[in-house]
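I wanted a quick pass through this one, going contact by contact and then on to the pockets. Here are my notes in the order I looked things up.

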Amino acid sequence: MGKNCICIENVEKAFKNQVILEDVNLIFESGKVYGIIGKNGTGKSILLKMMAGLSTPSSGAISYNEKVLERGKYADDTGIVFDCIGFLPELSAKENLKMLAKIRNVTTDDEIDLILEKVGLDPKSSKEYRKYSLGMKQKLSIAQAMMENPKYLLLDEPLNALDEESVDNIRKYLLDYVHTRDAILVITSHNKEDIDYLCDDVYEIKNCRVTKISCSK
């Protein structure tokens, strides 16, 4: 079986007259974790949203296994964590995931229970989402990204608001997941420890350009 691959070719992203990203050329392959770092507002989230097909480049192209991605044309087999993910406030964690699972019907109740336990949430809890702490909400976001066992993961600041024990557990889970399932993981983080622990290759966004700064940990 060939490697899964995300290919970014000559990509530019601009809003009106403001260029956010320019001349971006990257290749991400399965079995590795890629880190994207940079100051707030440099375009990390925009890059990941284009890689998910949630936003379209102003020019250039992004493809996953040779399928061009753009708004409305999403990557197959993808798990995402973005701040735009919404859950129904009156439902519990498991109820929310069961609602989402109905879209594709590839995830069982037992698999939902397992992923909730993996991220540190109780699948039997009836606590409503609106009563969740920020850390619990973040764990549920990670659970929804992982529950269908995707081969392509785009996680934007996934470990924010988590306690030290949870961060440690989820780091280990993500790393094991990528290596055992031969997945692609692209992650943004302001935490140097997250990047150092997880990433094989690290890229920095600065002055609208994306540059590799380290690789092969």
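**Entry 1: D200.** I started at D200, which sits in the loop between α6 (192–198) and β9 (201–206). Note to self: this is a predicted model. Is D200 buried or exposed? Its relative accessible area comes out at 14%, so I'm calling D200 buried, the cut-off being under 20%. Then I checked what the side chain of D200 touches, and found that it reaches the backbone nitrogen of V33 at 2.7 Å.

**Entry 2: salt bridges.** How many salt bridges does the structure hold? My count came back as 15. I opened a few of them.

I pulled up D109 with K98, where the closest N and O atoms are 3.6 Å apart. This pair links distant parts of the chain, with D109 in helix α3 (residues 109–119) and K98 in helix α2 (residues 93–101), eleven residues apart. I looked up accessibility for both: D109 is partly exposed at 36%, and K98 is partly exposed at 35%.

Next I went to helix α5 (residues 164–181), where K172 and D168 are four residues apart, so about one helical turn separates them. Their side chains meet in a salt bridge at 3.3 Å, N to O. K172 has 44% relative accessibility and counts as partly exposed; D168, at 30%, is also partly exposed.

Then I moved to helix α6, which holds both D196 and K192, four residues apart, about one turn of the helix. The salt bridge between their side chains has an N to O distance of 2.6 Å. Which of these two is partly exposed, and which exposed? D196 is partly exposed at 45%, whereas K192 reaches 59% and counts as exposed, because the exposed class starts over 50%.

I also checked for shared partners: E22, D23 and R209 are joined into one network by salt bridges.

**Entry 3: cysteines.** I searched the whole structure for disulfides and got zero. Why is C5 in no disulfide? The nearest cysteine sulfur, that of C7, is 5.7 Å away, and a disulfide needs the sulfur atoms within 2.5 Å, so C5 is left out. For the record, C5 is partly exposed, with a relative accessible area of 21%.

**Entry 4: largest pocket.** I ran the pocket list and took the largest pocket, with a volume of about 590 Å³. Which of its 19 lining residues are closest to the centre? I noted T78, I80, I103, Q144 and E148. β6 (78–81) and α4 (134–146) each supply at least two residues of this lining. β6 has the largest share, three residues. Sorted by class, I get eleven nonpolar, four polar and four charged residues in the lining of the largest pocket.

**Entry 5: second largest pocket.** I finished on the second largest pocket, at about 310 Å³. I found 16 residues lining this pocket, with F82, D83, Q138, D156 and E157 nearest its centre. α1 (44–52) and α4 each put at least two residues into this lining. What is the split by class here? I logged four nonpolar, six polar and six charged residues for the second largest pocket.

How values were computed:
Residues are numbered from 1 along each chain as its sequence is written. This is a predicted model: local features need pLDDT of at least 70, side-chain atom pairs count only at pLDDT 80 or more; totals for chains, interfaces and linings use all residues. Side-chain values use heavy atoms; hydrogens and water are left out. Buried means under 20% relative accessible area, exposed over 50%, partly exposed in between (1.4 Å probe, protein chains only). A polar contact is a pair of N or O atoms within 3.5 Å; within protein, one must be able to donate a hydrogen and the other to accept it, and residues adjacent in sequence count only if both atoms are side-chain atoms. A salt bridge is a side-chain nitrogen of Lys or Arg within 4 Å of a carboxyl oxygen of Asp or Glu. On a 1 Å grid over the protein atoms alone, a cavity is a set of points where a 1.4 Å probe fits but cannot get out, and a pocket is an open set with protein on both sides within 12 Å along at least five of seven lines; lining residues have an atom within 4 Å of a point. Grid points are joined across faces, edges and corners, and a volume is the space filled by probe spheres set on the points. Ala, Val, Leu, Ile, Met, Phe, Trp, Tyr, Cys and Pro count as nonpolar, Asp, Glu, Lys and Arg as charged, and the others, Gly among them, as polar.
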